[in-house]
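The following note is offered for use alongside the sequence and the model. The points begin with the enclosed space in the structure and move outward from there.

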Amino acid sequence: MADTTITRAPVPWTAPTAKDPVATTVRLPGSKSMTARALVLSAIAEGPSTLRRPLRARDTELMAAGLRAMGAQVSTLDDDRWVVRPNPLAGPAHVDVGLAGTVMRFVPPIAGLATGTVTFDGDPRARLRPLGPLVGALRSLGVRIDSAETGGLPLAVHGTGRVPGGEVEIDASASSQFVSGLLLAGAAFERGVVVRHAGPPVPSAPHLRMTALMLRAAGGAVDDTTPDVWAVQPGRLSGRAWIIEPDLSGAAPFFAAALVTGGQVTLLGWPRTSSQPVDRLRTLLDEMGGQVSLGTDGLTVRGTGAVHGLDADLSDVSELTPVLAALAALADSPSRLRGIAHIRGHETDRVAALARELKALGADVTESHDGLEIRPRPLRGAPFQTYDDHRLAHAAAVIGLAVPGVEVDDVACTSKTLPEFPALWSAMAAGS
């Protein structure tokens, strides 16, 4: 396996403090989730596809590179228009997954369709991320895979150019990406795929709806009407033009800034209808003291000068947990964030990391198996560790708006999903 250890030196960063209410508009790049799905579907479609306003960041660059290594032509020269021309997939090839769950869970199923061996490995922390249920499911569907003893990385998929497919049972309670990875490739399996989930509830349900919607948009026949069962019929997918929505998760810290400072932030280019959980975000921010509206210019969040505590099950929108936890630490009443045990298996154990770092800033935090209880207290500036996790850096930046001296150990980790984050954040805080 290739050595994929990150060699960049951490870049300490003092999170800027806002002297006045922020008032800004931001135009963020495309959704990471939509970009990843569009790349995979385009690589196994018939005919070329284009991605309009995709996300260019470490995760999506790694996805494009992995597909390219297996033979797909993926042109990313134009930031606003990526072009994918499918070719027969083949090994030998190596896919560097970095720390991206989408790459490590979406690409192995289509590697089974390649002829030859495709190996997978990534950053040291990537070997700790859950993968075993997906590996077991692929083996049941006829794919030969070698894995580490844990069932995770490093992997070697020995493709034969075909995957029999059929029915499979899987415990996807650790990640909805296990299901999405199987569904995205399922139309190319000889018998399609029927995925039955058995276990605690699958988290991040909006991402599964996004997978089904995008599969249908590419011509796939998907039945998701039965709870915890998803069926994809075998068939050909069509190349198409994908218009990628702005990234709602990436916008969350900017929206939080409006609440913290009593200001206003507008995300430009937000569509009238969306496959992302905008309604849930609207409800959560409203409960915490914000006002959310959708206008002709985009999605706007206004702060009211107060941040309130929150009691919520975040299992469907767990990506928002770090930013909401940061708001909770600045709120005027206690918060309880529940249903997030699965984020212990994300880029880092986010539940434990948030508890540790918020306590270091002076917050009163109790950690449970599936959540956090946060009781606000006066906060102080202190070093804040990110653990290579972009969402932890976002949380630190939000708190830094109100608390001088929050020292983020490695802001460069935000390049995973938004390389421009430090510059955009500093400009917003400075009022420029």
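1. Five helices each contribute at least two residues to the lining of the largest cavity: H1, H3 (101–111), H6 (205–217), H7 and H11. It should be kept in mind throughout that this is a predicted model.

2. The search of the whole structure returns four cavities of 30 Å³ or more. The largest cavity has a volume of about 450 Å³. Its lining comprises 35 residues, and those nearest its centre are Ser33, Gln177, Ser204, His207 and Glu319. Sorted by class, this lining holds 15 polar, twelve charged and eight nonpolar residues.

3. The cavity may be set beside the database record. In an unreviewed UniProt entry, the feature "binding site" is placed at Lys32, Gly101, Arg129, Gln177, Arg350, Arg391 and Lys416. From this set, Lys32, Gly101, Arg129, Gln177, Arg350, Arg391 and Lys416 are found in the lining of the largest cavity. Gln177 is also among the residues that lie nearest the centre of that cavity.

4. Lys32 deserves individual attention. This residue belongs to helix H1, which spans residues 32–43. Lys32 counts as buried because its relative accessible area is 13%, under the 20% limit. Leaving out residues up to four places away in sequence, Lys32 touches Leu55, Asp59, Thr60, Asp247 and Thr417.

5. Arg391 is the second annotated position to examine, and its place is in helix H11 (residues 390–400). With a relative accessible area of 5%, Arg391 is likewise buried, since this value is under 20%. Beyond its neighbours within four places in sequence, Arg391 contacts Ser249, Gly250, Glu319, Pro322 and Arg350. Of these partners, Arg350 carries the UniProt "binding site" annotation, and Glu319 is one of the residues nearest the centre of the largest cavity.

6. The packing of nonpolar side chains should be described next. The largest nonpolar core has 75 residues, and Phe254, Phe255, Leu327, Ile374, Ile399 and Trp425 have the most contacts inside it. Helix H7 (residues 248–261) gives the largest share of this core, nine residues. Another core, of 74 residues, lies apart from it and includes Leu67, Ala111, Val202 and Met210.

7. Trp425 illustrates the contacts made by a residue of the largest core. Setting aside neighbours within four places in sequence, Trp425 is in contact with Trp13, Pro16, Pro253, Phe254, Ala257, Ala397, Val398 and Leu401.

8. The same UniProt entry type, unreviewed, lists residues 18–422 as "domain: Enolpyruvate transferase". Over this range the chain is 31% helix and 23% strand, and its end C-alpha atoms are 14 Å apart.

9. An open site should be distinguished from the cavity. The largest pocket has a volume of about 220 Å³. Its lining consists of Ser173, Ala174, Pro200, Pro201, Pro203, Asp313, Ser315, Gly339, Ile340, Ala341, His342 and Asp370. By class, six of these are nonpolar, four are polar and two are charged.

10. Finally, Pro130 sits in the loop that joins strand E7 (115–121) to helix H4 (132–140). Its relative accessible area of 24% lies between 20% and 50%, so Pro130 is partly exposed. Not counting residues up to four places away in sequence, Pro130 touches Arg105, Ala174, Phe178 and Gly345; among these, Ala174 also lines the largest pocket. The C-alpha atoms of Pro130 and Ala256 are separated by 30 Å, the two residues being 126 residues apart along the chain.

Note on methods: Residues numbered from 1 in each chain as written. Predicted model: local features only at pLDDT ≥ 70, side-chain atom pairs only at ≥ 80, totals over all residues. Heavy atoms only, no water. Core = buried A, V, L, I, M, F, W, Y, C linked by side-chain atoms within 4.5 Å. Buried < 20%, exposed > 50% of the residue type's maximum accessible area, 1.4 Å probe, protein only. Helix = DSSP H or I, 4+ residues; strand = E, 2+ residues; numbered from the N terminus. Contact = heavy atoms within 4.5 Å. UniProt positions renumbered as here; feature names shortened; annotations may be inferred. 1 Å grid on protein atoms, 1.4 Å probe; cavity = no way out; pocket = protein on both sides within 12 Å on 5 of 7 lines; lining within 4 Å. Points joined across faces, edges and corners; volume = space filled by probe spheres on them. Nonpolar A, V, L, I, M, F, W, Y, C, P; charged D, E, K, R; others polar.
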